[in-house]
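Trainee: I would like to go through the labels used for this model and see what each one rests on.

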Amino acid sequence: MTLLTRCIFTFLMLSLVGCSSLQRKAAVPSQQMGQAQIAGLTSARYMVASQSSVDQMAMDIQAGFKVRDEKTLNAPANYLSLSGGGDDGAYGAGLLIGWADRGDRPQFNLVTGISTGALIAPFAFMGKEYDPVLRDVYTKYGPQDIFTERGLISGILSDGLSDTTPLFQLISKYIDEDFLKKVATEYITKNRWLLIGTTNLDAGVPVVWNMGKIASIGTPEALELFRKVMLASASIPGAFPPVMFDFEVSGQSFQEMHVDGGAITQVFLYPSALSQRAQDLKLKLQKQRNAYLIRNARLDPEWRETERGTLSIIQRAISSMIQTQGIGDLYRIYHTTQLDGVSFNLAFIGPDFKFPHKTEFDTAYMQALFDYGYKQGLGGKEWQKYPPGYKRGFDGEMPKK
């Protein structure tokens, strides 16, 4: 039974039988969300649906700008966006490493990640030095290194069908004090940005965390928050427990419940309203800006005979919804980049990848997908310049320029 199927079954069970929820602190009231802060870790995140948060993001960018000479402004700015996709993240990891081995993978000014992309993003941000970590994470670790199944009844009575302590331990193995210092240095001295997206389930809104700002605080609490944000972004609702964050408002304690950023969006780059705010602040941006989006999923419709049964019908419908949501996200990003004069470059898993996917986080499948992505990166395969179905049509392959 797949993770998605188990989640659906749990939902149906909960609809039929009542059960008490686990204890938690009160959620941050909607009218006070803008005032909520983590003690000692203020202004570490943006609620991108809020104009005030977009304004704060723009001001943070402005604060990071030192004197920008013509050499800097004439150098290209490169942005990398890594989507969700579960164990399909092996594709993005392989593509990035192949690209680096080819010798022309740039240092990215901005890296964003969501879900499995949030697990890739910090290492892609730090560059080729951490490629061995990416290789290990997406080729050597199996399900037992990601989660521990709780059992159906225990899972139904808890907040997730599985316990993600193994994943948090894996994150903590690689995200240590030294790593945090390196991220902070890049943020402070070069104004390079690392952003990870989660979903505030109480408010039903996307949240973007400024991981460089968190790292620059440099306390043990900041290290813990960095790790928890990565875990939250990859916490599939129902399958994995949510991550609870303690907040304070006017001396009162509250909690926010955060889950996989993919609950709202499969991939993100930056808020469309940010460009206008940057113009208002008269920020000087690089003349050439390139956005590279790695969609850790297939984009072509996948034909699959669906069994005539409740679970299989719901599973098929939800998987189709996630796929089309991801395509919609690509159209939104494409529209924003075209308005802002940013080049759009897209890579994804093509229909030519045929390796069987027997179970979640199957190491054989992940190794095959990693190798597939690696060959694309090493071979310098052309990036698609349009979202699927836009202008040139869509045949599942990335067209040449």
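Mentor: What follows takes some salt bridges and then two annotated residues of this predicted model.

Trainee: Why is the pair Glu 186 and Lys 190 called a salt bridge?

Mentor: The N to O distance between their side chains is 3.5 Å. The cut-off is within 4 Å, between a side-chain nitrogen of Lys or Arg and a carboxyl oxygen of Asp or Glu, so the pair counts.

Trainee: What separates Glu 186 and Lys 190 along helix α9?

Mentor: They are four residues apart in that helix (residues 177-190), which means about one helical turn.

Trainee: How do you know whether Glu 186 is buried or exposed?

Mentor: Glu 186 has a relative accessible area of 12%. Buried means under 20%, so the word buried applies. Lys 190 has 46% relative accessibility. That value falls between 20% and 50%, so Lys 190 counts as partly exposed.

Trainee: What makes Asp 280 and Arg 277 a salt bridge?

Mentor: Their closest N and O atoms are 3.9 Å apart, and the limit is within 4 Å, so the pair qualifies. Both residues lie in helix α12 (residues 274-280), three residues apart.

Trainee: How does the pair Arg 332 and Asp 329 fit the rule?

Mentor: The closest N and O atoms of that pair are 3.1 Å apart, so the pair also meets the limit of within 4 Å. Both sit in helix α13 (residues 310-340), about one turn of the helix apart. Asp 329, at 7% relative accessibility, counts as buried, whereas Arg 332, at 37%, is partly exposed. Elsewhere, salt bridges with shared partners join Asp 55, Arg 277 and Asp 280 into one network.

Trainee: How many salt bridges does the rule give?

Mentor: The count comes to 15.

Trainee: Which residues are covered by the "active site" annotation?

Mentor: The unreviewed UniProt entry covers Ser 115 and Asp 260 with that annotation. They are spread over 146 residues of sequence, yet the largest C-alpha distance is 5.6 Å.

Trainee: What makes the link between the side chains of Asp 260 and Ser 115 a polar contact?

Mentor: The distance between the two side chains is 2.9 Å. The cut-off for a pair of N or O atoms is within 3.5 Å, so the distance satisfies it.

Trainee: Are Ser 115 and Asp 260 buried or exposed?

Mentor: Ser 115 has a relative accessible area of 8% and Asp 260 has 7%. Buried means under 20%, so both residues are buried. Ser 115 lies in the loop between β3 (110-114) and α5 (116-126), while Asp 260 lies in strand β9 (residues 252-260).

Notes. Residues numbered from 1 in each chain as written. Predicted model: local features only at pLDDT ≥ 70, side-chain atom pairs only at ≥ 80, totals over all residues. Heavy atoms only, no water. Helix = DSSP H or I, 4+ residues; strand = E, 2+ residues; numbered from the N terminus. Buried < 20%, exposed > 50% of the residue type's maximum accessible area, 1.4 Å probe, protein only. UniProt positions renumbered as here; feature names shortened; annotations may be inferred. Polar contact = N/O pair within 3.5 Å; in protein donor to acceptor, adjacent residues only side chain to side chain.
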